[in-house]
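Please read this briefing alongside the sequence and the model. It is arranged by topic.

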Amino acid sequence: MTQRTETFDIGTLRLSSGEARRLDLDVPVDSFEFGGQRYAAPDEDVHVTLDVVRTTSGYSLRLRFLTALIGPCMRCLEDAGHELEVDAREIDQPGGGDELSSPYLDGDELDLKAWTRDALALTLPTQIVCREDCRGLCAICGENLNHAGPDHAHEREPDPRWAALRELKLD
Ligand SMILES: [Zn+2]
Ligand SMILES: [Zn+2]
């Protein structure tokens, strides 16, 4: 059984300088909004691999996981999924300034849930679509153009000025 956790106290690993440890953990990830739609991982938890390396005065951390986001296609609104491969790193070196301080580490307590979520958000594609060449919905009638076939078209709306002319009674 993999441990399910939102945070992890890396101090409990009792690593000395230069030592490393690899952990497999299950981290709960909430669904989130993207481009006005809701997306969620296929399972409630994301299975992550966490590498912790104790450096001279801090930690070097690496978080890796494979998951997917499931939700509506941004073009046609049918079910879509997008696989994501995440590989994120953090360095925390007390006294090293902002750049060497991880926002996810508070003392020895690592906020895995926040890190997993942010790392996921950074890996998002610009659009989640059911397939690359999804043709989306017809702008006029809303029909799914993937099913409608290539001939789907509409008569052009008659120009309202012509309609007004036709109403003129000519003697
Ligand atoms: Zn689509
Ligand atoms: Zn149409």
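The points below cover a zinc site, a small set of paired strands with a helix, and the surroundings of one valine. This is a predicted model, in which local features need pLDDT of at least 70 and side-chain atom pairs count only at pLDDT 80 or more, while totals for chains, interfaces and linings use all residues. Residues are numbered from 1 along each chain as its sequence is written, chains are lettered from A and ligands numbered from 1 in the order in which they are written, and side-chain values use heavy atoms, with hydrogens and water left out.

**Zinc site**

- Cys73 (SG), Cys76 (SG), Cys130 (SG) and Cys134 (SG) coordinate the zinc ion (ligand 1) at 2.3 to 2.4 Å; donors are N, O and S atoms within 2.8 Å of the metal (3.2 Å for Na, K and Ca), and since water is not among the atoms, sites may look incomplete.
- The angles among the 4 donor atoms are 106 to 114 degrees, and the site of the zinc ion (ligand 1) is tetrahedral (four donors, all angles between 85 and 135 degrees).
- Along the chain, the donors of the zinc ion (ligand 1) have the spacing C-x2-C-x53-C-x3-C.
- Cys73 is in the loop between β7 (59-72) and β8 (79-92) and Cys130 in the loop between α1 and α2 (145-148), so the pair ties together parts 57 residues apart in sequence; helices (H or I, at least four residues) and strands (E, at least two) are DSSP runs, numbered from the N terminus.
- Cys73 is buried at 0% relative accessibility, whereas Cys130 is partly exposed at 34% (buried is under 20% relative accessible area, exposed over 50%, partly exposed in between, with a 1.4 Å probe and protein chains only).

**Sheet β2-β10-β9 and helix α1**

- An open sheet of 3 strands has the order β2-β10-β9, with antiparallel pairing (two strands pair if DSSP finds at least two bridges between them).
- β2 (7-9) and β9 (105-106) are the edge strands, each with a single partner, so one side of each has no neighbour in the sheet.
- β2 pairs with β10 (residues 109-111) over 3 bridges, and Asp9 stands opposite Glu109 in β10.

**Val48 and strand β6**

- Val48 lies in β6 (residues 45-54) and is buried, with a relative accessible area of 0%.
- Beyond its neighbours within four places in sequence, Val48 contacts residues including Leu23, Leu25, Leu63 and Phe65 (contact means heavy atoms within 4.5 Å).
- β3 (residues 20-28) and β6 are antiparallel over 9 bridges, with Ala20 opposite Val53.
- β6 and β7 run antiparallel, joined by 7 bridges, and a hairpin connects them through 4 residues.

Conventions:
Axes fitted to C-alpha atoms, helices over the stretch in contact; angles between N-to-C directions. Tetrahedral: all angles 85-135°; square planar, octahedral: opposite > 155°, others 65-115°.
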